Structure formats: structure tokens, C-alpha cells
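I opened this notebook to keep track of what I looked up, step by step, while learning to read a fold.

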Amino acid sequence: MTIKLICLDADDTLWHNMRHFNATQDALTDMLQPFADVDVTRERLIACEIRNLPLYGYGAKGFTLSMIEAAVELAGDQLSTAMIQDILAAGRALLAHPVELFDGVEETLERLANIGPLVLVTKGDLLHQESKLAASGLGDLFSGIEIVSDKKVDTFRTLFARHGIAPEQAVMAGDSMRSDILPALEAGAWAAFIPQEGAWSHERAQPPIGAARYTQLERLGELPDWIAGIN
């Protein structure tokens, strides 16, 4: 078996992401403490996010709208204009935070590029994802960029077909069991799960223990050797 395509997630695989969302969520819970307990605010925000995914999709803009919606539901008429402005400011800061690469990412991508072409497969707001990739300085290492609204089985099947390879000739690596690993495996590819602390609960799922084409790694730097073992 020869791997001919290496697909990589972006957020929390190449660079830090969720810690910025979690910090913004903490700011919201602090702001709404006069109206609701911290756990209640977190649960309401998650409920709003999931409910709004079909409308707003993934990313900081949809997250900001969900924060406002959660605040309205919890504070009601007591939600002030100043508080809404603070939430909007937090959302803008989330869109503007600097891109912080994980240690050794560039060197790992260079090693992977010597094995096969790299394709970035990420979901979220198009403009924000494009700006983060540009700021990362990693764009030239990728042969293809796929910014999608969601990652599903058909997403990967279409991707593999577009690149003219069989699914078993592809690897997908990322930090989301729900979005990176399970759909790629179901599409017939190999998949490497690289979990990160602070992951969004919506992206969690039971790992496919015993699946022949699945592995869990501690860091992205282990991926080249795992692929070498497949080849």
C-alpha cells in the first residue's frame, strides 16, 4: 500500500484555536454572572451554537452570533447595549488573534511533503480560514486547499476522486474525532487522531477502537513515521 495523498486539518492540528474560543467563552460567562450560573451559561451557549450550525456554519462569526443569542435568552430585557457591544468586541478579537503554530509544525509538513502531496482540509468561515493560512506562512507547503462548510463522508469521497486516488491511498489527520477521523475512515481512508486539550464537546465521539486504518498519535510530528509504516 502506498499513500498518495496526505490530508490535514488546520485548527488545533497546525495551530492553536480552541483556547481562544474557550477564553472568549469564559469572558461571556463572567459578563453574564449577574443573570446565570457559569455552567448554565456554558450549556446555553453550546445549545445555541449547535442549533445555529445549519444557519451560520462553523467559525468565529457564527460563534459571536450565538453568544449574543445566549446572552439575550439569559439576561432578557436586562441585556444592555454596552454588553452587546462587549460581546461584539470579543468576537472581533477572536477573528483577529495571531496564528500560533504548534511546535515543529513546519518541519513536520516538510517531511510529509517528501512523502506525498499535502491537502489542507478545514471547515469554517472562508475569509477567516484564508487569513489564518496566509498568516501561518505554511501555504506553499500544500498542493491543495479545501475550505468546506462541514466534513462528512461525501466530502472526503469527493476530495479523493478529485485528486484521482483510491480512498485507501489517502490519510487524514486531525484533532476532531467527529469531523476528521470517523468520516475519513468511513470513506475508506486511513486516519490519525491527534487530540488536543480543550476540544469542543460537539467534536467528540467514540474512537473506532480496532479499526485497521486508525491510529491515535500524541503529536503531529509522529505522523511521518506512521505513514512510513503503512508504505
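The entries below go from one helix to the sheet.

Entry one. I noted before anything else that this is a predicted model. I then checked the length of helix α3, residues 60-75: at 1.5 Å a residue its 16 residues should span 22 Å, and because its end C-alpha atoms are 22 Å apart, the two values agree. Just after α3 comes G76, and its phi is positive, near 60°.

Entry two. Which residues of α3 are buried? I found A60, G62, F63, T64, S66, M67, I68, A70, A71, L74 and A75, and these buried residues pack against α1 (18-31), α2 (38-56), α4 (81-96) and α6 (126-136).

Entry three. I turned to the sheet, which is open and has six strands in the order β3-β2-β1-β4-β5-β6, with parallel pairing. Since β3 and β6 (214-216) stand at the edges and each has a single partner strand, one side of each is left without a neighbour in the sheet. From one strand to the next, the twist averages 20°.

Entry four. At one edge, I saw that β3 (residues 144-148) runs parallel to β2 (residues 118-123) and is joined to it by five bridges, with G144 in β3 as the bridge partner of V119. G144, E146 and V148 form the covered face of β3, whereas I145 and I147 form the uncovered one. I also recorded that β2, α6 and β3 make a right-handed β-α-β unit.

Entry five. At the other edge, three bridges pair β5 (residues 190-193) with β6 in the parallel sense, and Y214 in β6 is the bridge partner of A191. Helix α8 (residues 177-186) packs on the sheet, where it touches β2, β4 (170-174), β5 and β6, and its direction makes about 160° with that of β5.

How values were computed
Residues are numbered from 1 along each chain as its sequence is written. This is a predicted model: local features need pLDDT of at least 70, side-chain atom pairs count only at pLDDT 80 or more; totals for chains, interfaces and linings use all residues. Side-chain values use heavy atoms; hydrogens and water are left out. Helices (H or I, at least four residues) and strands (E, at least two) are DSSP runs, numbered from the N terminus. The expected span of a helix is 1.5 Å times one less than its number of residues. Buried means under 20% relative accessible area, exposed over 50%, partly exposed in between (1.4 Å probe, protein chains only). Contact means heavy atoms within 4.5 Å. Two strands pair if DSSP finds at least two bridges between them. A crossover is right-handed if, with the strands pointing away from the viewer, the path from the first strand over the helix to the second runs clockwise. Axes are lines fitted to C-alpha atoms, for helices over the stretch in contact, and angles run from 0 to 180 degrees between N-to-C directions.
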